[in-house]
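Reader: Please take me through one part of this model in close detail. I would like to look at a single sheet, strand by strand, and then see what surrounds it.

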Amino acid sequence: MTRLFIRQALAATAVLAAAGSATAHITLPPGGATAGTDYEAAFRVGHACKDAAATTGVSVRLPRGFTLTDAQARKGWKLEVQRSGDGEVRWTADSPATALPGAERAEFIVRGKLTATPGPLYFKVLQSCDTGSADWAQLPTGAASEKLAFPAARLDVLAPGVAAVDIKDAWIRPTVAGQSGTGAFMTLSAPSGARLVGVSTPAAGVAEVHEMKMEGDTMKMRAVQGGLELPPRQVIELKPSGYHVMLMDLKQPMPKGATVPLTLRFKDAKGADSTREVDVPVGAPDGAAAAAQGHVH
Ligand SMILES: [Cu+2]
């Protein structure tokens with residue numbers, strides 16, 4: 001019966017598909033935001049326009065469903081806010097000296113209130129450069145294999161109760177016969193901040209968030225008190241020899257290639273509870289295994 005919840009699934013494929021969004025060039029941090037809340041939209045500019053040396057202007061067209069509160073000024077840039085219609089926020093570099101160099105990353109921040117209706121919101125962003133411009137304004141048409149050259153920045157507006165947290169590269173260390181505990185690892189990022197306060201899975205009697213701490217000259221692990229803080233837009237890594245999810249009282253072995261469902265529970269800054277479900281593959285991804293070995297030395 002316990003076999004039911006360990007599924008052989010194509011979870012690795014899902015992870016790859018999620019990573020694909022990182023190829024877009026002006027983006028909002030993945031993970032979404034809760035419907036009806038105040039949201040700080042931090043548009044990440046990753047590089048200048050094609051063949052350009054610097055970004056000289058960024059103009060964000062606000063979608064219906066986002067009610068502007070304010071926008072963050074940038075030193076050396078003029079900020080213009082147009083509230084009529086759907087609204088637009090525009091930053092323009094005062095001079096070539098204050099323009100954003102091609103290889104440098106920066107965030108352009110707009111704050112506002114989100115619609116109470118869950119669903120995707122698309123922000124169209126016009127990037128101006130010393131040479132040319134790029135209009136990140138394409139909306140998906142729904143075709144399965146579609147690859148947009150200039151996608152608009154997407155925000156997933158989530159129903160209350162669904163955690164606004166991006167979960168990537170999750171994996172569980174395989175077990176051998178008789179082993180009663182193991183670790184689960186992943187990277188977490190909460191665009192608006194959150195705290196990981198609990199984990200559960202039908203595959204283990206007990207699941208806890210652990211940290212590694214030196215006690216005298218011994219490395220010990222223990223439960224994180226009060227939950228694991230995820231500051232806004234920071235990537236927090238759960239990895240071997242660092243923070244991890246400890247699965248104890250395992251209900252069955254976890255062979256490489258199996259998939260285990262985890263439910264992660266979060267609290268936001270206002271104390272609202274939310275959860276996110278992830279199907280976690282058993283077995284270290286190549287990169288993670290290498291990183292884990294690197295840690296030993
Ligand atoms: Cu542990």
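Author: What follows is a walk across one open sheet, and then a look at the core and the rest of the chain.

The model is predicted. The chain has two helices and 22 strands. Four of the strands form the open sheet I have picked, in the order 18-15-21-22. Its pairing is antiparallel. Strand 18 (228–230) and strand 22 sit at the edges, and each pairs on one side only. On average, neighbouring strands here are turned by 35 degrees against each other, direction ignored.

A general point helps in reading such pairings. Strands of a sheet pair through backbone hydrogen bonds, either parallel or antiparallel.

Start at strand 18. Three bridges link strand 18 to strand 15, in the antiparallel sense. Look for Leu 196: opposite this residue, in strand 18, stands Leu 228.

Now move to the other partner of strand 15. Strand 15 (residues 194–200) pairs with strand 21 (residues 259–267) over five bridges, again antiparallel. Leu 196 is a useful marker here too. Its bridge partner in strand 21 is Phe 266. So Leu 196 faces Leu 228 in strand 18 and is bridged to Phe 266 in strand 21.

Next comes the step from strand 21 to strand 22. Strand 22 covers residues 273–281, runs antiparallel to strand 21 and is joined to that strand by nine bridges. Leu 264 stands opposite Arg 276 of strand 22. The two strands make a hairpin, with five residues between them. In that hairpin Gly 271 has a positive phi near 90 degrees.

Ala 184 connects this region to the core. Leaving aside neighbours within four places in sequence, its contacts include Leu 262 and Val 280. Ala 170, Ile 172, His 244, Val 245 and Leu 247 are also among them. The largest nonpolar core has 65 residues, and Ala 184 is one of those that touch the most other members, along with Phe 43, Phe 123 and Val 165. That core draws at least three residues from each of domain 1 (2–14 + 163–284) and domain 2 (36–158).

For contrast, turn to another open sheet. Four strands lie in the order 1-3-9-5, with antiparallel pairing. Strand 1 (26–27) and strand 5 (66–71) are its edges. Strand 5 pairs with strand 9 (residues 106–114) over five bridges. There, Thr 67 has Lys 113 as its bridge partner.

Last, the whole chain. Buried residues make up 31% of its 297 residues. Of contacts between residues at least 6 apart in sequence, 73% join residues at least 24 apart.

Methods:
Residues numbered from 1 in each chain as written. Predicted model: local features only at pLDDT ≥ 70, side-chain atom pairs only at ≥ 80, totals over all residues. Core = buried A, V, L, I, M, F, W, Y, C linked by C-beta atoms within 7 Å. Buried ≥ 20, exposed ≤ 12 C-beta atoms within 10 Å, placed from the backbone. Domains from an automatic or database assignment. Contact = placed C-beta atoms within 7 Å. Pairing = 2+ DSSP bridges. Axes fitted to C-alpha atoms, helices over the stretch in contact; angles between N-to-C directions.
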